[in-house]
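Here is a short tour to read alongside the model. Keep the viewer open and follow each stop as it comes.

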Amino acid sequence: MPATHLHRLACDVLTRIGMSEQDATMAADAMVWSDLRGATNHGVSARVPVLVSRVRAGAVNPAPTWQVLASTAGVTALDADRGWGQVAGTRCMKMAIEAARKTGVGVATVRNADIAASLGWYANVAIEQSMVGIAFNNSMPLMAPWGGATKLLGNQATAMGTPAGRHHPILFDSALSALSMHAVHAVHSRNESLPENAALDADGRPTVDPAAALAGAMLPAAGHRGYGIAVIWEVLTGVLGTGLFAPEVRNPAEGPVGLTLFCLALDPTAIQPLEVFTGRVDTFIDRIHASTPIDGVERVRVPGERGFGVAEQQRRDGVLFTADQLTSLRHLADEFGLEWDGATVA
């Protein structure tokens with residue numbers, strides 16, 4: 001399916017459930033960005049049905065009142081009024097960008113938001129404005145603290161990115177747990193085992209059984225190092241943003257999530273001309289590409305490089321979907337009486 005058709009479908013559905021045209025466009029932008037990169041678990045076929053269901057259940061407010069809780073030249077704190085996370089996060093990063101244009105660096109937080117999906121999108125919003133972007137959020141308890149037996153922290157989804165010149169931008173997008181929940185569910189569906197040191201069962205014992213891990217807790221990536229970053233991320237989201245903090249953020253199945261996002265934008269031109277900065281980023285990327293690959297690796301890449309390549313191809317050729325994803329999209333169009341443009345099935 002052409003990305004433009006996918007975007008229109010998402011916007012049409014979201015406006016019909018009460019979103020403004022502006023907010024629907026923000027959410028559709030984020031979802032289609034994920035679809036283009038092959039991350040369909042955060043795309044239109046996966047997220048729009050969830051959002052429709054959550055609005056109907058009263059968990060998400062499709063027309064929130066965006067309240068500014070605090071504001072200075074470089075820092076803004078918002079309340080999302082139970083708004084959809086992809087809209088709240090986009091608004092949050094745009095506020096950070098506007099502050100960075102004036103001060104060189106801008107920070108914004110937004111509390112009381114719902115599911116934020118891929119954090120890479122928010123860093124990318126800054127990149128598209130020729131800025132360095134950082135975004136992360138807290139979430140429902142999924143991860144045990146280092147040395148602990150029960151879940152307390154979220155997996156603290158994190159993204160950081162920078163523009164480049166002749167290369168694609170660098171974009172790192174990851175959870176701070178050893179495995180994301182999406183990965184655990186995928187391993188479970190394949191009846192495979194988890195890697196060692198990734199999870200605990202409900203009794204706090206190490207496990208490689210994905211079912212036991214889902215009933216227990218994830219472990220932080222890189223042990224105490226990942227745990228330390230996750231703790232600071234909790235402070236900069238829920239604690240600083242005056243929102244819910246560990247273990248208060250709710251499971252989406254229980255109603256409004258109430259997570260907090262932190263967004264930072266940094267304008268490189270506060271330090272050096274943009275073309276000088278992006279040229280230096282290009283040189284750094286060249287040096288990474290020149291690294292000798294180990295056996296079994298075709299070439300050394302920078303974070304996000306594969307995703308940008310996939311997006312480039314799918315923007316040109318159309319987004320590929322599985323039969324189940326295509327069915328989900330078709331049901332959406334039928335339910336809301338929308339024209340169906342068709343799609344290519346992978």
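## Before we start

Strands, like helices, are DSSP runs numbered from the N terminus; a strand is a run of E with at least two residues. With that in hand, Thr109 can be placed in strand β3, which covers residues 105–113. Please keep in mind that this is a predicted model.

## The sheet

Let us begin with the sheet. It is open and has seven strands, arranged in the order β1-β2-β3-β9-β4-β5-β6, with mixed pairing. At its edges are β1 (67–71) and β6 (170–174), each of which pairs on one side only. On average, neighbouring strands of this sheet are turned by 10° against each other, direction ignored.

Strand β6 is joined to β5 (residues 158–162) by five bridges, and the two run antiparallel. If you would like a residue pair to look at here, Met160 stands opposite Phe172 in β6. Helix α9 (residues 274–289) packs on the sheet, where it touches β4 (132–137), β5 and β6. The direction of α9 makes about 70° with that of β6.

## Strand β9 and its partners

How many of the eight residues of strand β9 are buried? Seven of them are, so β9 (residues 259–266) is largely enclosed by the rest of the structure.

Two strands pair with β9 in the order given above. Seven bridges join β9 to β3, and these two strands run antiparallel; within this pairing, Gly106 has Ala265 of β9 as its bridge partner. Strand β4 is also antiparallel to β9, with six bridges between them. Here Val132 stands opposite Leu266 in β9.

## Thr109 and its surroundings

Back to Thr109 in β3. Is this residue buried or exposed? Its relative accessibility is 5%, and because the cut-off for buried is under 20%, Thr109 counts as buried.

Which residues is Thr109 in contact with, once its neighbours within four places in sequence are left aside? The list holds Thr76, Ala77, Leu78, Cys92, Leu236, Gly241, Leu261 and Phe262. Among them, Leu261 and Phe262 fall within the residue range of β9.

## Salt bridges

Side chains of opposite charge can pair when their charged atoms come close. Searching the whole structure turns up 11 salt bridges. One to look at is formed by the side chains of Arg91 and Asp23, with 2.8 Å from N to O. Arg91 belongs to helix α4 (residues 85–103) and Asp23 to helix α2 (residues 21–36), so this pair ties together parts that are 68 residues apart in sequence. The partners sit in unlike surroundings: Arg91 is partly exposed, at a relative accessible area of 21%, whereas Asp23 counts as buried, at 5% relative accessibility.

Asp201 and Arg205 make another salt bridge, and their closest N and O atoms are 3.1 Å apart. Asp201 counts as buried at 12% relative accessibility, while Arg205 is partly exposed with a relative accessible area of 48%. Salt bridges with shared partners join Asp201, Asp203 and Arg205 into one network. There is also a salt bridge between Asp317 and Arg316, whose closest N and O atoms lie 3.2 Å apart; both of these residues are exposed.

## Where Val310 meets Arg37

Val310 has its place in helix α10 (residues 305–317). It is partly exposed, with a relative accessible area of 29%. Although Val310 and Arg37 are 273 residues apart along the chain, their C-alpha atoms are separated by 5.4 Å. Leaving aside neighbours within four places in sequence, the contacts of Val310 are Leu36, Arg37 and Gly38.

## A nonpolar patch on the surface

The last stop is on the surface. Val231, Ile232, Val235, Val239 and Phe245 form a nonpolar patch there, and together they have about 360 Å² of accessible area. One of these residues, Val235, is found in helix α8 (residues 224–239). Val235 is partly exposed, with a relative accessible area of 37%. Because patch residues need over 30% relative accessible area, that value lets Val235 take part.

Terms used:
Residues are numbered from 1 along each chain as its sequence is written. This is a predicted model: local features need pLDDT of at least 70, side-chain atom pairs count only at pLDDT 80 or more; totals for chains, interfaces and linings use all residues. Side-chain values use heavy atoms; hydrogens and water are left out. Patches are made of residues with over 30% relative accessible area and no salt bridge: like charges are joined within 9 Å, nonpolar side chains (Val, Leu, Ile, Met, Phe, Trp, Tyr) within 5 Å. Accessible areas come from the Shrake-Rupley method with a 1.4 Å probe; for residues, only the protein chains shown count as cover. A salt bridge is a side-chain nitrogen of Lys or Arg within 4 Å of a carboxyl oxygen of Asp or Glu. Helices (H or I, at least four residues) and strands (E, at least two) are DSSP runs, numbered from the N terminus. Buried means under 20% relative accessible area, exposed over 50%, partly exposed in between (1.4 Å probe, protein chains only). Two strands pair if DSSP finds at least two bridges between them. Axes are lines fitted to C-alpha atoms, for helices over the stretch in contact, and angles run from 0 to 180 degrees between N-to-C directions. Contact means heavy atoms within 4.5 Å.
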